[in-house]
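Please walk through this protein chain, with attention to how its charged side chains pair, where its largest pocket lies and how far the model can be trusted along the sequence.

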Amino acid sequence: MVMGLRRPSEARRASLPGVDTGEESAGASRIGNVALALWLFLLTAAVVVLDAFTGDDLPVIPLLVVLPALTSVFCSVRQTTAVAAWVTAVVVATRIPAKGAFWDVLFLIGFTALASSLGIVACAARIRHATEVARLRTAAVALQRQILRPLPIVTSRICAHGLYEPIEEDRFVGGDIYEVVQSPHGTRVIIGDVQGKGLPAIGAGFAALGAFREAAVRESDIVAVADSVEDAVARHNAFTAETGEAERFVTALVLGFDGGDRVQVVNCGHLPPRLLHDGTASVVTLHRTSVPLGMADLSGEARVAEWIDFPPDAALLVCTDGVTEARDATGDFYPFDERLGRWADRDPDQVLEALQADLQNFAGGVRRDDVAVLVLSRPSDGSNAAEPAGVATT
């Protein structure tokens with residue numbers, strides 16, 4: 001048996017798949033050594049020449065202390081240290097031969113050394129902070145992979161392409177949720193919108209997702225799946241109420257795909273799907289809409305599943321209200337169905353790409369809510385690499 005060994009340092013440098021590599025590049029320089037040396041030489045020469053013209057009455061050599069401070073913003077600690085050493089050497093070389101009081105020269109050299117040292121300290125602090133932020137982002141990616149799986153997701157019944165954009169750029173997981181589970185009863189899909197924002201909304205969403213992943217495999221009836229998620233959200237609300245936090249509800253669509261030309265849908269106060277077929281986009285009419293998840297106690301009606309058409313070569317688009325309620329600068333709502341009709345004849349990933357670009361352009365880059373979109377279509381030949389029944393996490 002032949003074993004390959006690597007040095008520990010090399011093993012530490014290896015990046016894990018799907019992990020944010022910002023931590024590794026936090027201390028990297030934005031300016032190359034050659035470019036930095038060239039600019040440093042030119043600026044030093046300019047200051048030295050200017051100092052020669054002004055004489056001892058108005059020395060400008062102290063202006064060089066700005067260079068380590070500027071370098072600390074864009075360069076590595078090693079580069080900043082080199083610039084600081086260079087500036088200190090230039091000041092010493094130009095001030096000692098110059099005329100002037102001994103204490104003035106000593107003060108100038110000491111001030112230069114102190115300012116240069118502060119530049120190095122500032123650079124190290126910046127890199128340390130950037131590394132900590134990158135480490136937090138890496139943890140956020142890992143958290144996202146536990147809560148929301150990367151898209152697309154392919155099962156034996158469908159291929160789910162998707163778009164997910166939390167409203168906050170620094171947060172990888174928002175109030176919108178989705179999941180696709182391959183089960184013995186077919187493929188089950190949920191897309192939902194948790195009331196509110198922030199960590200409490202994420203907690204309610206995680207409770208809903210956990211219950212869905214389990215019930216989708218266990219329950220043969222799609223309504224029973226929705227009821228299980230309802231119970232989980234209700235239990236979560238009961239716990240949060242004891243801690244003084246506000247209760248949350250979740251609007252959601254729960255869909256079941258069995259490989260036929262029809263799909264079961266349980267609508268829990270969510271937006272209806274859109275059917276993309278034969279180059280047209282149409283709103284799927286749902287006749288039975290129940291209350292959102294977590295609010296069943298307020299309604300005496302049981303949840304009911306509906307059958308909707310899912311013709312061959314068709315796709316179902318489901319989304320959250322971050323799409324339909326997007327506004328432009330004048331306050332007008334995004335004309336979702338009108339725009340969607342323009343791309344109905346495109347492939348799912350092309351529809352999502354066009355929707356994302358158009359939505360951003362319409363809103364002027366300002367998002368007021370999380371955005372989640374899934375385009376559900378039958379997998380193409382050769383892509384039916386279905387997950388084992390019951391698999392719900394990567």
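A salt bridge is taken here to be a side-chain nitrogen of Lys or Arg that lies within 4 Å of a carboxyl oxygen of Asp or Glu. Under that criterion the chain has 10 salt bridges, and it should be kept in mind throughout that the model in which they are found is a predicted one.

Confidence is therefore the place to begin, pLDDT being the predictor's confidence in each residue on a scale from 0 to 100. Over the protein chain the mean pLDDT is 81, with 79% of the residues at 70 or more. Two stretches call for caution: across residues 1-21 the pLDDT stays under 50, and the model has 12 contacts beyond four places in sequence for them, while residues 382-394 also stay under 50, with 30 such contacts.

Among the salt bridges, consider the one that joins the side chains of Glu179 and Arg213, with an N to O distance of 2.6 Å. Because Glu179 belongs to strand E3 (residues 176-183) and Arg213 to helix H7 (residues 198-218), this pair ties together parts of the chain that are 34 residues apart in sequence. Glu179 and Arg213 are both buried, and together with Arg149 they are linked in a network of salt bridges. As a general matter, side chains of opposite charge can pair when their charged atoms come close.

Further along the chain, Asp358 forms a salt bridge with Arg339, in which the closest N and O atoms are 2.7 Å apart. This pair, too, links distant parts of the chain, with Asp358 in helix H11 (residues 348-363) and Arg339 in helix H10 (residues 336-340), 19 residues apart. Why do Asp358 and Arg339 count as buried? The reason is a matter of the cut-off, since buried means under 20% relative accessible area, and the relative accessible area is 16% for Asp358 and 15% for Arg339.

The side chains of Arg342 and Glu338 also meet in a salt bridge, at 3.6 Å from N to O, but the setting of these residues is described in other terms. Arg342 is partly exposed, its relative accessible area being 48%, whereas Glu338, at 52% relative accessibility, counts as exposed. The two values fall on either side of a boundary, because a residue is called exposed over 50%.

Helix H7, which holds Arg213, also contains Ala215. Ala215 is buried, and its relative accessible area is 0%. Beyond its neighbours within four places in sequence, Ala215 is in contact with Arg188, Val225 and Ser228. For one of these partners the separation can be stated in two ways, as Ala215 and Val225 are 10 residues apart in sequence and 5.2 Å apart in space, taken from C-alpha to C-alpha.

Finally, there is the largest pocket, which holds about 280 Å³ of space. Its lining consists of 16 residues, and those nearest the centre of the pocket are Val366, Arg367, Arg368, Asp369 and Val371. Helix H9 (321-324) and H11 are the elements that give two or more residues to this lining, and H11 supplies the largest share, 4 residues. Sorted by class, the lining of the largest pocket has 7 charged, 5 nonpolar and 4 polar residues. Helix H11 thus enters the picture in two ways, as the helix that holds Asp358 and as a contributor to the lining of the largest pocket.

Terms used:
Residues numbered from 1 in each chain as written. Predicted model: local features only at pLDDT ≥ 70, side-chain atom pairs only at ≥ 80, totals over all residues. Heavy atoms only, no water. Contact = heavy atoms within 4.5 Å. Buried < 20%, exposed > 50% of the residue type's maximum accessible area, 1.4 Å probe, protein only. 1 Å grid on protein atoms, 1.4 Å probe; cavity = no way out; pocket = protein on both sides within 12 Å on 5 of 7 lines; lining within 4 Å. Points joined across faces, edges and corners; volume = space filled by probe spheres on them. Nonpolar A, V, L, I, M, F, W, Y, C, P; charged D, E, K, R; others polar.
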